[in-house]
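Reader: Hi! Could we go through this structure together? I'd like to hear about the empty spaces first.

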Amino acid sequence: MFDHVQRRERLWERMAEAGVDLLFVPPSGDLEYLTGMQRRIPAFGTVEYAHHWVTGAFIAAGREPVFVLPRMVREFDLPEGVGGGDIVTVNETDDAVALFAKALGQFGAVRRIGVGHRTWAATTIQLGKLLPDAAIVDANPLVNALRRIKSPDELAAMTRAATLVDGVLADIQDKVREGVTELELASEIDFQMRRRGSRTASFDTAVWAMGPDTERDATVRLSDAALRAGSGVSFDFGSVVDGYVSDFGRTIHIGTPPAEYERVYALVMAAQAAGMAAAKPGATAAQVHAATRQVIVDGGYGRWFRHRTGHCIGMDVHELPFISEEDDTPLEEGMTFTIEPSVFWPGRVGVRVEDVIVCEPGGGRKLNQHPVTLVAND
């Protein structure tokens, strides 16, 4: 579906500009982007095998990648292969350092090597020992510069992921009623995402209620508590389609909403609209954050807009740059990011909205199509 060779060719140009002779990239969004090697679904805690530190690929200009993989990874984690390139397999009883050094030795003299930002510390230490005269640098800026601008094929995959979660919320929206538990809703969301074709949830699915009858805060993202009338129930979930992710959110009220909830809901939706209008090529990420936040500040709830406005997104849920006050990265056409303003005031009110946005000359365009009109279930 994606042209990984063309992606690597673009990477080679950036490597040459940066004086980087070689990259080592571990299993990650970067490696999947560059080679098609699919990542394992994340687990709670570490999943690894003997000699796991060798896992990854060496990438240099003008040649196919060289993968170094423990036998268990090659045997069980790569049903679709690695998408081209040579594979060095490290068995349990092998001398892993010797095989890793042999793979590295195929690339001749290396003066400057970039390592992916998810590289194991043990791998970096071994690279330092094997290349004592080489500089070791962070490869993330090189790959991120490619990944942040999405091609039409990437945007199509991200749109499919966004459409999937739109449909899931549309299906479960009427179930948001008093007496249903947050856990039941989250479990239904995860099931519906998988049923509709998501490889997994792109992060932990969150459902939480806030309102005047509870001191609950957004820091508790999911519980087994039953929903109560008078609460606003916030959602935060995402899917994975063809390696690309979505990140999505809405808030649904149970019962007739009070005036403050209606006021805050309108502020949050207006803040998102302001951020989208500001998200034009050339505007900085910080300027988009400021435009979004100012609406809520002017409405008197600035203290309770406690999150950043958003983050770039693609093959990972949180990618650079961040749509946040500290990030002065200029936006470019084709960048994708979330705009997710919120007001979380424990004991009073909680409202959020989140959509994936693509930067275009006229401002941000949503990939999600789920409406933002206020929903209140009896």
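Author: Happy to, and bear in mind that this is a predicted model. In the largest pocket, helix H1 (4–18), helix H2 (29–35), E9 and E10 each supply at least two residues of the lining.

Reader: Which element gives the largest share of that lining?

Author: That is H2, with 3 residues.

Reader: And how many residues line the largest pocket, and what is its volume?

Author: The lining has 46 residues, and the volume is about 1,300 Å³. Nearest the centre of the largest pocket lie Ser-28, Arg-39, Arg-40, Ile-41 and Pro-42.

Reader: Nice. How do the lining residues divide by class?

Author: For the largest pocket, they divide into 23 nonpolar, 13 polar and 10 charged.

Reader: What about the second largest pocket, which residues sit nearest its centre?

Author: Those are Arg-221, Asp-236, His-307, Glu-340 and Arg-352, out of a lining of 15 residues. The second largest pocket has a volume of about 270 Å³. Its lining has 7 charged residues, along with 4 nonpolar and 4 polar.

Reader: Good to know before I set up anything. How many closed cavities are there of 30 Å³ or more?

Author: The count comes to 3. The largest cavity has a volume of about 60 Å³, and the second largest holds about 40 Å³.

Reader: What lines the largest cavity?

Author: The lining includes Leu-169, Gln-173 and Tyr-265, plus Arg-250, Thr-251 and Ile-252, and also His-370, Pro-371, Val-372, Thr-373 and Val-375. By class, the lining of the largest cavity has 6 nonpolar, 4 polar and 1 charged.

Reader: And the second largest cavity, what is its lining like?

Author: Among its lining residues are Met-210, Gly-211, Pro-212, His-253, Tyr-261 and Arg-348. That lining of the second largest cavity splits into 5 nonpolar, 6 polar and 1 charged.

Reader: Changing topic: how do H4 and H5 pack?

Author: Helix H4 (residues 96–105) and helix H5 (residues 121–130) meet at an angle of about 65°, and their axes are 11 Å apart. The crossing of H4 and H5 is right-handed.

Reader: Which residues make the contact?

Author: H4 brings Val-97, Phe-100, Ala-101 and Leu-104, while H5 brings Thr-123, Gln-126, Leu-127 and Leu-130. In this contact of H4 with H5, 6 residues are nonpolar, 2 are polar and none is charged.

Reader: Neat. How many aromatic pairs turn up in the whole structure?

Author: The search finds 11. Take Phe-237 and Phe-248: their ring centres are 5.4 Å apart and their planes stand at 80°, so the pair is edge-to-face.

Reader: Where do Phe-237 and Phe-248 lie?

Author: Phe-237 is in the loop between strand E8 (232–236) and strand E9 (240–241), and Phe-248 in the loop between strand E10 (244–245) and strand E11 (251–254), so the pair ties together parts that are 11 residues apart in sequence.

Reader: Last thing, the backbone. Which residues are joined by a cis peptide bond?

Author: Leu-320 and Pro-321 are, with omega about 0°. Pro-321 lies in strand E13 (residues 319–323).

Reader: And where are the residues with positive phi, His-51 and Asp-242?

Author: His-51, with phi near 65°, is in the loop between H2 and strand E2 (56–59). Asp-242 has a phi of about 55°, and its place is in the loop between E9 and E10. Neither His-51 nor Asp-242 is a glycine.

Technical notes. Residues numbered from 1 in each chain as written. Predicted model: local features only at pLDDT ≥ 70, side-chain atom pairs only at ≥ 80, totals over all residues. Heavy atoms only, no water. Axes fitted to C-alpha atoms, helices over the stretch in contact; angles between N-to-C directions. Helix = DSSP H or I, 4+ residues; strand = E, 2+ residues; numbered from the N terminus. Left-handed = near helix turned anticlockwise from the far one by under 90°. Contact = heavy atoms within 4.5 Å. Nonpolar A, V, L, I, M, F, W, Y, C, P; charged D, E, K, R; others polar. 1 Å grid on protein atoms, 1.4 Å probe; cavity = no way out; pocket = protein on both sides within 12 Å on 5 of 7 lines; lining within 4 Å. Points joined across faces, edges and corners; volume = space filled by probe spheres on them. Phe/Tyr/Trp six-rings, centres within 6.5 Å; stacked < 30°, edge-to-face > 60°.
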